[in-house]
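Here's a walk through a two-chain model, starting from one small backbone detail and working outwards. Keep the 3D view open as you read.

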Amino acid sequence: MSGEGLTVRDLRVTFDGFKAVDGVDLDIRPGDLRFLIGPNGAGKTTLVDAVTGLVKSAGSVRFGGEELIGKPVHRIARMGIGRTFQTATVFEELTVLQNLDIAAGAGRGVWTMLRRRKGIPEAVTKALETTGLTELHDRPAGVLAHGQKQWLEIGMLLVQDVKLLLLDEPVAGMSHDEREATGALLQRVSEDHTVVVIEHDMDFMRSFARSVSVLHAGKVLSEGSVAEVQADPRVQEVYLGRASEPEPAPEPAAASVPVAEEA
Amino acid sequence: MTTTTTTSPAPPVALLERFRVPAGFALGAVLLLGVAPLALSDFRLSLLAKYLCYAIVAVGVSLAWGRGGLMVLGQGVFFGLGGYAMAMHLKLADAAATGQTLPDFMQLYGTGDTLPWWWEPFANPAFALAMTVLLPMAVAALLGFFVFQRRVKGAYFAILSQALAAALAIWLVGQQATTGGTNGLTDIQGFFGYSLDDPVNQRMVYFIIAAVLLLLMAAARQLFVSRYGELLIAVRDSEERVRFLGYNPANVKLVAYVIAAGMAGLAGALFVPAVGIISPALIGIVPSIGFVIGAAVGGRASLVGAVLGAIAVAWAQSTLSDAFPAAWTYLQGLLFVVAVGFLPGGLASLGIVLRKRRAGTGTGTRTTGETA
């Protein structure tokens, strides 16, 4: 198993006349670890919203041969597409284990649902190990550190048995060590999943991306390996080389203080 | 809830924890089925029977509102449907016992001497009993399906529920000839062949109500600790996230809403033999708010908190509204605001809140912690 590929053709999303996504074509091969980068407002998150059914869109998004546009959110999720959000949304009042158990259970029958959980499902044990949260399994998710919440979210996608993970700025606000750990986690995950990461952090992208798409003003500006994209003069113009700065970081991603608790 | 995770050998504290719930349940059973009937006069016991009916509604409120986050401000509709279904059957049985075909009020206000067609099936006791639960559940399923599918939430859902309660009460008032209008269905004499004038039979009704309450608490407790219960909390706290996990949150909420409606219907049905009347004044907007106040004060996410809160508030109402009839409504509103605004976990969470404050770790209230 190496995940499933995603094919996007002429995708368009319009908000009150504003073209947030303006004719995007994307081909993401099974098993890729693709980074979507681009300045604020380039349409990265909106693209993910459109693929997962959160916003209305026109064009075509095919996943494993099936058209996604027009399907409700929970059906797309059941086809094997999982996503995270910029702010970690875990169920704060439930434990880590309960969070993962719920994520694992979308196909459960009535009888199973009405009974108490006995033991820990195998997929959950595996995800606890992969994300390094085994020790914390009976803690309420609300007390986890910022980075741990993001890992829990990725773990929830894993037990959900998704084939494609869409991660929206998974390392924003993380410390250096947390970012390294997350990168290693993503590489492990991409061995048998397709992973798409929206990211602002250029260092992080250079260290871990297998391929990169640059979005600008709702369109794909450039695509290829990290080196190819960095060498593209158009990318340097709109994004990377702006005012000849080597590493512009629109997001204060270098902030080394992890945001422990959000209200 | 955190005790359910492992199967490793239990240390003494966990062992205590394990028997806490069955022990609490047994204590409740002894109090309700043993101590109360022995200690209370017939009059007091019949009052308690009435309060326990409100407590049954509170069990459903605890599930739908406490765990599911659905502010069910219109439980009067379901309480009323259950109550009227039961009262219609009892009125028909009363009439049949005296050789009449029509209930007394229809002879006074009715336009003809035939029974309306929709009354007829309620002559059958099995049908009427089934309807006390199925009718509220069906209405809740229909309403819930459209409301949750369209993602109506929060205050809008609460207002919609209120409007429905008002509409049903107004409709009943307008149908004097077939529903008894403002008076409602009153003066109920018998209960499946037993005279309700006999104190022994009144006690029997009390025992039935107490037993039903205990059974429904056990059933609700099972739902709380089940995987469904965990999912319901997840939907309450982050509906959107649940959707991205591949569930349809509308269905998750619908189940809780329908079960709560069924419980309210059963409570309404049992209220009729206990009190001898069902009327629009008992199911409209004010009583609908009353149904949730007890749960809010006691602690809506805690089953025992909600039940004790409902009993306490009902007791306070009958005591205080006699002494200060004008002030009670204000006090009721105040209680609601204070409980929802300042102590969302209700009195059941007071211990946790105080402990946290003493420890200086903020005032966040946990609403999932204690379940029984």
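Let's start with a glycine: Gly53(A), just after helix H1 of chain A, takes a positive phi of about 85°. Bear in mind throughout that this is a predicted model.

The helix that comes before that glycine, H1(A), covers residues 44-51, and eight of its eight residues are buried, so the helix is largely enclosed by the rest of the structure. You might not guess that from the residue types, as the buried set includes Lys44(A), Thr45(A), Thr46(A) and Asp49(A). Leu47(A), Val48(A), Ala50(A) and Val51(A) are on the buried list too.

**Two residues with an unusual phi**

Most residues other than glycine have a negative phi. Two residues here have a positive one although they are not glycines: Asp16(A), at about 45°, and Phe192(B), at about 50°. Here they are side by side:

| Residue | Phi | Loop between | Other C-beta atoms within 10 Å |
|---|---|---|---|
| Asp16(A) | about 45° | strands S1 (6-15) and S2 (18-28) of chain A | 4 |
| Phe192(B) | about 50° | strands S1 (190-191) and S2 (194-195) of chain B | 11 |

Are these two buried or exposed? Asp16(A) counts as exposed because it has 4 other C-beta atoms within 10 Å, and the cut-off for exposed is 12 or fewer. Phe192(B) is exposed as well, with 11.

Another loop residue to click on is Gly70(A), which sits between strand S5 (66-67) and helix H2 of chain A. Gly70(A) has 11 C-beta neighbours inside 10 Å and counts as exposed. Its C-alpha atom is 9.1 Å from that of Ala58(A), a residue 12 positions away along the chain.

**Chain A in outline**

Chain A is a mix of 10 helices and 10 strands. Of its 263 residues, 47% count as buried. If you take the contacts in chain A with a separation of 6 or more, 70% of them join residues 24 or more positions apart.

One helix pair in this chain is worth a look. The axes of H6(A) (residues 146-159) and H7(A) (residues 176-189) come within 11 Å and cross at roughly 10°. With that angle, the two helices count as roughly parallel, because the cut-off is 35 degrees. On the H6(A) side, the contact uses Gly147(A), Gln150(A), Trp151(A), Ile154(A) and Leu158(A), while H7(A) brings Glu178(A), Thr182(A), Leu185(A) and Val189(A). By class, that contact has five nonpolar residues, three polar and one charged.

**Where the chains meet**

Across the interface, 31 residues of chain A are in contact with 24 residues of chain B. Which parts of chain A each supply at least two residues to its side? They are helix H2 (73-78), strand S6 (81-83), helix H3 (96-103) and helix H4 (110-113). H3(A) gives the largest share, five residues. The chain A side is chemically mixed, with 11 nonpolar, 10 polar and 10 charged residues.

H3(A) deserves a second look: this helix is mostly covered, with eight of its eight residues buried. Among them are Val96(A), Leu97(A), Leu100(A) and Ile102(A), and also Gln98(A), Asn99(A) and Asp101(A). What do the buried residues of H3(A) pack against? Their partners are helix H5 (122-131) and H6 of chain A, together with helix H9 (227-237) of chain B.

**Chain B and the nonpolar core**

Chain B has 15 helices and two strands. Its radius of gyration is 21 Å, close to the 21 Å that the globule rule gives for 372 residues, so chain B is as compact as a globular protein of that length. The C-alpha trace spans about 70 × 50 × 45 Å along its principal axes. In chain B, 44% of the 372 residues are buried. Contacts between residues 24 or more positions apart make up 77% of those with a separation of 6 or more.

In soluble globular proteins, nonpolar side chains tend to be buried together. In this model, the largest nonpolar core has 181 residues, and the members that touch the most others are Ala55(B), Ile56(B), Val59(B), Val61(B), Ala260(B) and Val307(B). Helix H11(B) (residues 249-275) gives the most to this core, with 18 residues. Val307(B) makes a handy place to finish: setting aside its neighbours within four places in sequence, Val307(B) is in contact with Ala55(B), Ala58(B), Val59(B) and Met217(B).

Notes
Residues are numbered from 1 along each chain as its sequence is written. Chains are lettered from A and ligands numbered from 1 in the order in which they are written. This is a predicted model: local features need pLDDT of at least 70, side-chain atom pairs count only at pLDDT 80 or more; totals for chains, interfaces and linings use all residues. A nonpolar core is a set of buried Ala, Val, Leu, Ile, Met, Phe, Trp, Tyr and Cys residues joined through C-beta atoms within 7 Å. A residue is buried if 20 or more other C-beta atoms lie within 10 Å of its own, exposed if 12 or fewer, and partly exposed in between; C-beta atoms are placed from the backbone. Two residues are in contact if their C-beta atoms, placed from the backbone, lie within 7 Å. Axes are lines fitted to C-alpha atoms, for helices over the stretch in contact, and angles run from 0 to 180 degrees between N-to-C directions. Angles under 35 degrees count as roughly parallel, over 145 as roughly antiparallel, 65 to 115 as roughly perpendicular and the rest as oblique. Ala, Val, Leu, Ile, Met, Phe, Trp, Tyr, Cys and Pro count as nonpolar, Asp, Glu, Lys and Arg as charged, and the others, Gly among them, as polar. The radius of gyration is taken over C-alpha atoms; the globule rule is 2.2 Å times the number of residues to the power 0.38.
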